[in-house]
Amino acid sequence: MAISLQSVFKERKFPFLFALTFLLISFTILLLYNSSSFSFSSPSHSLLVSTDLHVTTSQPPPPPQPRHSPLRSANDAAAVSSKPNDTAVSLPEPASKTTAAAAGDVDLNMSLNIKWGNCKLGALAVDYIPCLDNWEAIKKLQSRRRMEHRERHCPDPSPRCLVPLPIGYKVPVRWPKSRDMIWYSNVPHPKLVEYKKEQNWVRKSGDYFVFPGGGTQFKNGVHSYIDFIHKTLPAIKWGKNIRVILDVGCGVASFGGYLLDKDVITMSFAPKDEHEAQIQFALERGIPAILSVIGTQKLTFPDNAYDLIHCARCRVHWDGDGGKPLLELNRILRPGGYFIWSATPVYLDNERDSKIWKSMVALTTAICWKVVAKTVDSTGIGLVIYQKPSSYSCYKQRNEKLPPLCEQKTKQNVSWYERLSYCISHLPVDSTGNLLRWSTPWPQRLSSKPPSLPSEPDAEDIFNEDTKHWAALVSEVYLDGLAINLAQIRNVMDMNAGYGGFAAALIEQPLWVMNVVPIDAHDTLSIIFERGLIGVYHDWCESFNTYPRTYDLLHSSFLFKNLKDRCDIINVAVEIDRILRPGGYLLVQDTMETIKKLNPILRSLHWSTTLYQGQFLVGKKGFWRPSE
């Protein structure tokens, strides 16, 4: 029978009233608790602070400390010695109780009130690269003869618009399947299918692009071509003395993609040109690649970096501009390294090709490159293999000293917006003036002392401690303690790479790392290459030379605190959002002050964020774009 409120009071059923009131209050408290989104997501780790932001209270293992000084971060430029060749770097300290308490006191739900908008570039917006698509600056160029229009021309101020997604964009195909097929809707550029249909670069099959492993010079497929190189010169031992390769004018990067099976990592590069989206294809496939061009400026690599450089019909005029393009290759090729050139002047005997070959013979002789092999395969495709000298004897014996040797550097010059030089770069020497030798094969070179490490008494100890620190941090915190799904990770970028310890610690994982050394940080990029890893110089106040949606994970260790005096952190966050794929992660280790500034920006972009131990911020990008 129903009980009316009047009868309750009349019959003085106060116990019933008390119980009803208690239930209503309890239910209200429960609703308020859930609306604040507090719950325990695991018995020992996370305390949920919002529907998509966690603050964790467990402590990571203390990172190993160098025994010489209480240093803080391997990437902290402020902790680096002021000596020109001093590579002393610092390691992160474990978070103190004060730091952990401060993290718990911070309102990490806060989101900046920014009205975001999509880039207004019509159909071109989905592939927007600010420093390569600055059409106003390109129109004002006085010359395009040396590929000036393919070089960087960054807008000022940096754009704060968001790059929209292509229609029908899907979560990318996972590696290793992605090497052979990707979603058409993610890179909807069919021009190469028609343009290169006779050369087996790429085909369209239903909802996919498929990559058969062909190429202009790979008539029997890239596997056969790679074996042909080794048979032509057995001294080239893939994955041993040849570990780090540069592929110039790489097409869709099948050469580099298939060399991964041989423990070789290839930096594939090409310009953003009429060969529509070739670098975007490469990165969507999960193959290391970057947009670049040999024009009027030096490539963003250190001297003596690569074991081998490859060019298969890469359309670079090596003898142009007095031979500066080939002199640039000489700069970045290590002593004793190889240059493989597969192009028609090598094996065709017409007037045009013969003229180019004669010019190439004169130039390579002048810079003391030696022909170690020249041959033609069963399909009629030929190649020549040159070797760079490993001593000065040939340079001294030249009758005509042109090109001249470059002036000796008094300090390391980062190749960033540097003009090409008409000179032969010096061979590297150690601190006592002896020529450096590359004798350590892969994989031993990853953990052995890098040849260019300074001779200061504690330099090797600091390097070794840095390696141990990153191994422990990655193993015990990054892989086990953070909510990052490694099965979704293939393309990784370390935005402030230091010695490359983060990449070295991930070497057994099915992924690759682009190591970035900021131009205002201590220059460690030579050491990264000597370890058998790849990387570039970059200024994070500008956009990076890659297409949108090309990386699964960006890692930043104490980067932002060094940027705050040079550029706006909002602009850096916009660039990170451009580079990351939907579903991708940003992993930041930094001060609490930096995290408090960065987190609200990421939340305004509709990212989910997680804070671990007061110094590790994990942001996950979603599929949200502004509706317009």
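## Exercises on salt bridges and cavities

In this predicted model, R581 and E284 form a salt bridge in which the closest N and O atoms are 3.8 Å apart.

**Exercise 1.** Find which elements R581 and E284 belong to, and decide whether R581 and E284 are buried or exposed.

*Solution.* Begin with the positions: R581 sits in strand β18 (residues 580–589) and E284 in helix α8, 297 residues apart, and the pair thus links distant parts of the chain. Then turn to accessibility, where R581 and E284 are both found to be buried.

**Exercise 2.** Work out why the salt bridge between K272 and D133 ties together parts that are apart in sequence, and classify K272 and D133 by relative accessibility.

*Solution.* First, the closest N and O atoms of K272 and D133 are 2.6 Å apart. Next, K272 lies in the loop between β8 (265–270) and α8 (278–285), whereas D133 lies in the loop between α3 (97–105) and α4 (135–139), so the salt bridge ties together parts 139 residues apart in sequence. Finally, buried means under 20% relative accessible area; D133, at 7%, is therefore buried, while K272, at 23%, is partly exposed.

**Exercise 3.** Describe the second largest cavity by its volume and by the classes of its lining residues.

*Solution.* Start with the volume, which is about 90 Å³. Then look at the lining, whose residues include V474, Y478, F502 and L587. Sorting the lining by class gives 9 nonpolar residues, no polar and no charged ones.

Key
Residues are numbered from 1 along each chain as its sequence is written. This is a predicted model: local features need pLDDT of at least 70, side-chain atom pairs count only at pLDDT 80 or more; totals for chains, interfaces and linings use all residues. Side-chain values use heavy atoms; hydrogens and water are left out. On a 1 Å grid over the protein atoms alone, a cavity is a set of points where a 1.4 Å probe fits but cannot get out, and a pocket is an open set with protein on both sides within 12 Å along at least five of seven lines; lining residues have an atom within 4 Å of a point. Grid points are joined across faces, edges and corners, and a volume is the space filled by probe spheres set on the points. Ala, Val, Leu, Ile, Met, Phe, Trp, Tyr, Cys and Pro count as nonpolar, Asp, Glu, Lys and Arg as charged, and the others, Gly among them, as polar. A salt bridge is a side-chain nitrogen of Lys or Arg within 4 Å of a carboxyl oxygen of Asp or Glu. Helices (H or I, at least four residues) and strands (E, at least two) are DSSP runs, numbered from the N terminus. Buried means under 20% relative accessible area, exposed over 50%, partly exposed in between (1.4 Å probe, protein chains only).
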